[in-house]
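Trainee: Please take a close look at how the strands of this model are arranged, and at what packs around them. One connected account would suit me best.

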Amino acid sequence: MTEKALRLGTRRSKLAMAQSGLVADAVSQVTGRPVELVPVTTYGDISREHLAQIGGTGVFVAALREALQRGEVDFAVHSLKDLPTTQPEDLVLAAVPEREDPRDVLVARDALKFTGLPRGARIGTGSPRRMAQLNAYARAHGLDIETVPIRGNVDTRIGFVKNGELDAVVLAAAGLNRVGRSEEVTDFLSVDTILPAPGQGALAVECRAGHTAQDAALAAELAELDDPHTRAAVTAERSLLAALEAGCSAPVGALADLLGDGQIVKEMRLRGVVGRPDGSALVQLSTTGPVPQTHEQAMALGRELATEMLAQGAAGLMGERAQ
């Protein structure tokens, strides 16, 4: 008798289905069981409002978590940057697989680079974080750009450039890689120019906390997909976000990376930024410490940087702080 398929809860978007398909294949290899995708519609998928207005935090996540809690799916895959920083007690992040490219990228008309955009170029993004950093960079380098708020999937956003409505859009490299459209990128934006969203490029594999033997066994199998360096990095980034009391739609960028000497990884550097969407004010700081060996050490790195950023006036740049 063939073993019953595991049910993987996923958002319905092309990108979510592609991400979940990659995880499904990996889980099948680990467990020896077939995995079927169960598409779930979330509030963030059907609302046409801008993410900042519908409260960013968790709008793509709540319906998947409810399906898990009701036992309609066995585990779920999220884009880690969409996850609220507080974890429900009855669910566990069983795995954070190895991260994709965390950078933001530009898809511009005529294969233009960011610094080659014409004066007054209209750049589309739905992210206050991207707006703040693009505008701050433009101010510092004498570029004249206009950031335009947009929503929609990858096709819709790139469509704004193709139909001439916008000169460029900013997207996540990881998403374009996962849907096989990386050849449309015209410029990779260095993390020195734009820090990504906390957790960008990483996926979260979530399941029920081990209340039954089946749940515990599945959590243990899924844990084999975990990448310890990615988990330490995103834990530090999300700890910074939580300590700033900011939600996923706040203009906060963060990236933890490993600093090494050749093959030997010695330290982790955490960089954070918060700014006004018009780029008129920005607080950008970094801290470096030993590579975290525990969840608590990674959390401490994030809290430490958040404290320094708040001391520099970060809170006043975020608008409404998350309740």
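Mentor: Two strands count as paired when DSSP finds at least two bridges between them. Keep in mind that this is a predicted model. Start with one facing pair: Ala121 stands opposite Ile145 in β7. The strands concerned are β6 (residues 121-125) and β7, which pair in the parallel sense over five bridges.

These two belong to a wider arrangement. Five strands make an open sheet, ordered β7-β6-β8-β5-β9, with mixed pairing. β7 (145-149) and β9 are the edge strands; each has a single partner strand, so one side of each has no neighbour in the sheet. From one strand to the next, the twist averages 30°.

Helices cover this sheet. Helix α5 (residues 128-140) lies across β5 (104-108), β6, β7 and β8 (168-172), and runs at about 175° to β7. Helix α6 (residues 154-162) also packs on the sheet, touching β5 and β8. The direction of α6 makes about 155° with that of β8.

Now the other sheet. Three strands form an open sheet in the order β11-β12-β13, and the pairing is antiparallel. Its edge strands are β11 (252-261) and β13, each pairing on one side only. Here the twist averages 20° from one strand to the next. Ten bridges join β11 to β12. One facing pair is Leu259, which stands opposite Glu267 in β12.

Helix α9 (residues 228-243) packs on this sheet and touches β11 and β12. The direction of α9 makes about 145° with that of β11. α9 has 16 residues and reaches 22 Å from first C-alpha to last, close to the 22 Å expected at 1.5 Å a residue. Many of its positions are worth checking for burial. Among the buried residues of α9 are Thr230, Val234, Glu237, Arg238, Leu240 and Leu241. Charged side chains are on that list too, namely Glu237 and Arg238. The buried residues of α9 pack against β11, β12 and α10 (295-311). After the helix comes Glu245, whose phi is positive, near 55°.

That packing leads to the nonpolar core. The largest such core has 22 residues, and Leu240, Leu244, Val252, Val274 and Met309 touch the most other members. α9, β11, β12 and α10 each supply at least two residues of this core. α9 gives the largest share, five residues. Take Val274 as a hub to inspect. Leaving out residues up to four places away in sequence, Val274 touches Pro251, Val252, Ala281, Leu282, Val283, Met309, Ala314, Leu317 and Met318. Apart from this core lies another, of 17 residues, among them Phe75, Val77, Leu203 and Cys207.

Leu282, one of the contacts of Val274, sits in strand β13 (residues 282-290). Leu282 has 34% relative accessibility, so this residue counts as partly exposed. With the same four-place exclusion, the contacts of Leu282 are Ala132, Ala136, Val273, Val274, Gly275 and Leu317. Leu317 is 35 residues away along the chain, yet the C-alpha atoms of Leu282 and Leu317 are 7.6 Å apart.

Strand β12 also takes part in a polar link. The side chains of Arg271 and Asp192 meet in a salt bridge, 2.8 Å from N to O. This pair links distant parts of the chain, 79 residues apart: Arg271 is in strand β12 (residues 264-275), and Asp192 is in the loop between β9 (187-189) and β10 (203-208). Their surroundings are unlike. Arg271 is buried because its relative accessible area, 11%, falls under 20%. Asp192 is exposed because its 59% is over 50%.

Other salt bridges vary in setting. Arg208 forms one with Asp215, with the closest N and O atoms 3.4 Å apart. Both Arg208 and Asp215 are buried. Shared partners join Lys14, Asp155, Lys162, Arg181 and Glu184 into one network of salt bridges. Arg70 pairs with Glu72, with the closest N and O atoms 2.6 Å apart. Arg70 is exposed at 53% relative accessible area, whereas Glu72 is partly exposed at 40%. The full count comes to 23 salt bridges.

Conventions:
Residues numbered from 1 in each chain as written. Predicted model: local features only at pLDDT ≥ 70, side-chain atom pairs only at ≥ 80, totals over all residues. Heavy atoms only, no water. Helix = DSSP H or I, 4+ residues; strand = E, 2+ residues; numbered from the N terminus. Buried < 20%, exposed > 50% of the residue type's maximum accessible area, 1.4 Å probe, protein only. Contact = heavy atoms within 4.5 Å. Salt bridge = Lys/Arg side-chain N within 4 Å of Asp/Glu carboxyl O. Axes fitted to C-alpha atoms, helices over the stretch in contact; angles between N-to-C directions. Expected span 1.5 Å × (residues − 1). Core = buried A, V, L, I, M, F, W, Y, C linked by side-chain atoms within 4.5 Å.
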